[in-house]
Every structure is written in structure tokens, then in C-alpha cells.
Amino acid sequence: MKKILFAASECVPFIKTGGLADVVGSLPKCFPKEYFDCRVVIPKYKAISEKYSSQMQYVSNFYLDMNWRSQYVGIFRMEYEGITFYFIDNEEHFSGDQIYGGMPWDLEKFAFFSKAVLSILPVVDFRPDVIHCHDWQTGLIPVYLHERFQGGDFYRGIKSVMTIHNLKFQGVWDLETIKSITGLSEYYFTSDKLEFNKDANYLKGGLVFADAITTVSETYAEEIKMPFYGEGLDGLLRARSHDLRGIVNGIDYDEYNPETDEYLERNYSVKNFRREKVKNKVALQKELGLEENPKTMMIGVVSRLTDQKGFDLIAYMMEELCQDAIQLVVLGTGDPKYENMFRHYAWKYGDKVSANIFYNNALSHKIYGSCDAFLMPSLFEPCGLSQLMSLRYGTVPIVRETGGLKDTVEPYNEYEETGTGFSFTNYNAHEMLGTIRYAERIYYDAKRKWNKIAERAMEKDYSWHTSALKYQELYDWLIGE
């Protein structure tokens, strides 16, 4: 039996701010129980709802030496959907309403968490073969594992994996503060370890000391070895390229299922979507006050409204796009300039543009289940989940070829009758508009071909089970079997 421990700062259904939580909550359930004992450890935040916190059982507590002071560590556990979860309790660090407090508080919080994760293992009597760490918040786990936990027999030989969900976030602060917080010796603060442009960097520490590194798509794993995407760590990632692999994320195929989705006016499948899906579109047009016309091409956007997601391209072309025979439905929050831009166009073209500047889970499902196409022109996209959801619902993605978008959306080829979406290569507003208009042409002039694209999209499998097989291979390689 192989033992794997996932360590992360968030996890569904307990606490979530982004896609990281989906990965940590979904992936452990997908490993075969007869071969893998997979468990998860996260902080016991006050923000976790009573529904879950009331089910947690107290295990034990002890005090942990954090360099210049001693800190309380409480351990709670809970079984959920067949997986054992551990929660690390400390009122000072985890009692706020928000799970992230910003720098430098988060540095101390996650240094404590990283050390506590390793310290609770003998207490809960679980010795993992592999500790799978996610993002900079757990970057110190491989460092501490190397530094002070290799002495005893219990820890010797435990391997670590570091997964990068988004390289933009690294946990960087000044050297002296981080030395004081972590208690690590001078040895660890050289340019080949945690030192980074005269500061110190948690994620870099994890990338130096982990036995393997993964990121969330094959293309992103290649891109981050280049300066443009590498965020200052491209040299290190090139040096460790032998230990770096990309494994694309999945989505929960039970939660995102057009046949059973409770938020849709009409459920549909790959067999009957040609007839049923359009009924969702008309219902959404009615709900949002758009012109009710089943024949109009409707394009959806569900996203954080930021530069990373390509909204400067959309802003540049928005007036021209509104001249086309399309409707645009936008859901999300973010940079005020983009929020206001969409509000302006929704006011100017009320029957064509719907700007929903908030987040609403039910509406996101309706957009995936009603639109004809889904627009995602990202500057960079480590994996991206929205395009996987749109494929699942037969909502044809229009994306830029970067990161996970390039790996999961096969561009349409009208001569070979292949492809699951439309894509463009350069980060260029005119190229994006040209691709949207090519999609419009196929939609209006070759409807049967359009439906075949949607059908191929719905037949793709981006469930977690596919990703889990690749992680199994990685764990087997690390454990040496």
C-alpha cells in the first residue's frame, strides 16, 4: 500500500478561493483504494463552515518550536467521501475571516503550517511515502524535510513533490525576516537555494529541494522554462527539467454534467444536444433581458476580469465585436477598468451584451449549458478549467494557444473535419477577432460542421481519473516501483 499525503492551503468542500482547492479536493478520491492510501492536510480555518467543523474529531495537541517562540498545534481529523483529512489548528494563524491575509503575515502562517505538517505525522501514526505539496504556501515542506526531519528513522526516505498551479505567486519577502520566521540557517539562503534577487522565496525553496516538480499542463511545463513565463525561476526550472512534468488538471464530471445539471432549464447529452441545448439559450436570453432569438450565436465568458485572462484584447475589439451578429454574456469580477468596460457596453448594446459583475455558481452553469461558444484569450494559462467545462457542455471554446488551453483545445480543421474548438497563436487583438469571426462563419454558414465540433468536444474525457493515472506513474517512479 502506497501512502500519499497532500498538503495545501485550501481544499473543496472545506475552503476555496480558486482552482487549487478543486485539485486538492478532487484528485485524492481518484486513486484506487487497494493500492493507495491518500490523505490530505490543510489548516483548520475559522472560515470553514459549521457544517464541516462540527464533524471534525480532536486527535491531539503539542507545542512546536518556531525559531524564537513555541506555538500551539492542534490536530483534528475527519473522514469525507472515503478520504481522511487532517486539520491543523492554531487560533493566531487561522482564525481570521479571510484565509489569506497578505504579506508578511502569510509567510509566518505558512512557515508554521509547513513545519506542523511534518511534525504531526508521528502523532497521527501516518508515514507517507510521498508528500505532495501545492503552491508556495507549502514550499517550505521539502526544505524542512531536508533540514531537520531527516535525522530520525521515521522521516528518512520520505519523498516530496512540488506542484506549481500558478508561477506568478511565490511567497517572496526580505531575507532577514524570512530567516527569523523560518529558523533556517545561513546555508539555506544562498542563490542556489532560497535566495532570490536579494530576497528569499518560499516556492523556490520547494522547487530546489523537492524530489519531483509538476505543473498543471504539458505546455505550461515547457513555457515556464522560458524568461517570459518563468517569473525569474526559468533558469532553475531548466536545470531541473529532468524532474519536471506537466499533468493537466481535470474537472469533476459529476458536478459538471449537462445530463444531470440542476441549474439548466433542459438537461441534454451528446445524443440530443442539437435539439435540447438551444432551449437553455432562449431561457438565458429571457433571464438576462437579451433579445430572444434561438438562432443568434451566443458567446460566454466566465472569468476573473484581469490582464492575465486577455481582457485587454477584448477591450480593444469590443466595439467591433458588438457590430457582429452575436450576443456576449460575461460573468466575473476583477479589475475595475474591465468591470466598467463591460457595464458600458451592456448599457450601450442592451440586447446584445449582458454584464454580470459578480460571481454566481448557478449562472456559471447556465452559461456553460446555454452558450454556443466560450471565449478565453489568456496571456498565460497554467491549466485553465473553464475551457474543460465548456468542452463538457458542448460549448465550443475560442482560446489562445498557451499553457493548458493549447493542450486541451484542438483547433478546428475544416479540411480534415477534426478539432474541438478554435484557437489563435499570437497575443494580438486582431488575430483574436479574426478567429472569433471564423467561428461565427462556421456557426452561421456550416451549422452541421459546427455541431460536429460540439459533439467531438463533448466526447473528450477531462475527468480527474485521466490525470490520476499520470500522478500514479509519478508516485511509482518516486517510490521506485
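**Exercise 1. A salt bridge of Lys470**

Which side chain meets that of Lys470 in a salt bridge? Determine also where the two residues lie and how accessible each one is.

*Solution.* The structure is a predicted model, and every value below is computed from it.

Step 1. The partner of Lys470 is Glu218, with an N to O distance of 3.9 Å. The cut-off for a salt bridge is 4 Å between a side-chain nitrogen of Lys or Arg and a carboxyl oxygen of Asp or Glu, so the pair qualifies.

Step 2. This pair joins distant parts of the chain: Lys470 belongs to helix α19 (residues 464-479) and Glu218 to helix α8 (residues 218-223), 252 residues apart.

Step 3. Lys470 has a relative accessible area of 38% and is therefore partly exposed. Glu218, with 47%, is partly exposed as well.

**Exercise 2. Two further salt bridges and a network**

Analyse the salt bridge between Lys109 and Asp106 and the one between Glu222 and Lys225, then place them in the context of the whole structure.

*Solution.*

Step 1. The side chains of Lys109 and Asp106 meet at 3.5 Å, N to O. Both residues sit in helix α4 (residues 105-124); because they are three residues apart, about one helical turn separates them. Lys109 and Asp106 are both buried.

Step 2. Between Glu222 and Lys225 the N to O distance is 3.2 Å. Glu222 is partly exposed, with a relative accessible area of 47%. Lys225 has a value of 17%, and since buried means under 20%, Lys225 is classed as buried.

Step 3. A search of the whole structure yields 32 salt bridges. A network of salt bridges links Arg266, Arg275, Glu276 and Lys279.

**Exercise 3. The surroundings of helix α14**

Establish how far helix α14 (residues 361-370) is enclosed, and by what.

*Solution.*

Step 1. Of the 10 residues of α14, seven are buried, so the helix is largely enclosed by the rest of the structure.

Step 2. The buried residues are Leu363, Ser364, His365, Ile367, Tyr368, Gly369 and Ser370.

Step 3. The elements covering these residues include the helices α11 (273-288) and α15 (386-392), together with the strands β13 (297-302), β14 (326-331), β15 (353-356) and β16 (373-376).

Step 4. At the start of α14, a side-chain oxygen of Asn360 comes within 2.9 Å of the backbone nitrogen of Ala362.

**Exercise 4. The environment of Ser114**

Is Ser114 buried or exposed, and which residues does Ser114 touch?

*Solution.*

Step 1. Ser114 is found in helix α4. Its relative accessibility is 0%, so Ser114 counts as buried.

Step 2. Leaving out residues up to four places away in sequence, Ser114 touches Gln137, Thr138, Leu140, Ile141 and Tyr144.

Step 3. With Gln137 there is also a polar approach: a polar atom of the Ser114 side chain lies 3.5 Å from the backbone oxygen of Gln137.

**Exercise 5. Internal cavities**

How many cavities of 30 Å³ or more does a search of the whole structure find? Describe the lining of each.

*Solution.*

Step 1. The search finds two.

Step 2. The largest cavity has a volume of about 50 Å³. Its lining consists of Met66, Trp68, Arg69, Gln71, Glu108 and Ile181. By class, three of these are nonpolar, one is polar and two are charged.

Step 3. The second largest cavity holds about 40 Å³ of space. Its lining residues are Val301, Val302, Ser303, Lys309, Phe311, Phe374, Leu375, Met376, Pro377 and Ser378. Two or more of the lining residues come from each of β13 and β16, and β16 gives the largest share, three residues. The classes are seven nonpolar, two polar and one charged.

**Exercise 6. Backbone geometry**

Locate the cis peptide bonds before Pro13 and Pro104, and the positive phi values of Asp125 and Lys198.

*Solution.*

Step 1. The bond from Val12 to Pro13 is cis, with omega near 5°; Pro13 lies in the loop between β1 (2-7) and α1 (19-26).

Step 2. The bond from Met103 to Pro104 is cis, with omega near -5°; Pro104 is in the loop between α3 (91-94) and α4.

Step 3. Asp125 has phi near 55° and lies in the loop between α4 and β6 (130-134). With 64% relative accessibility, Asp125 counts as exposed.

Step 4. Lys198 has a phi of about 70° and is found in the loop between β9 (195-196) and β10 (199-201). At 70% relative accessibility, Lys198 counts as exposed.

Methods:
Residues numbered from 1 in each chain as written. Predicted model: local features only at pLDDT ≥ 70, side-chain atom pairs only at ≥ 80, totals over all residues. Heavy atoms only, no water. Buried < 20%, exposed > 50% of the residue type's maximum accessible area, 1.4 Å probe, protein only. Helix = DSSP H or I, 4+ residues; strand = E, 2+ residues; numbered from the N terminus. Contact = heavy atoms within 4.5 Å. Polar contact = N/O pair within 3.5 Å; in protein donor to acceptor, adjacent residues only side chain to side chain. 1 Å grid on protein atoms, 1.4 Å probe; cavity = no way out; pocket = protein on both sides within 12 Å on 5 of 7 lines; lining within 4 Å. Points joined across faces, edges and corners; volume = space filled by probe spheres on them. Nonpolar A, V, L, I, M, F, W, Y, C, P; charged D, E, K, R; others polar.
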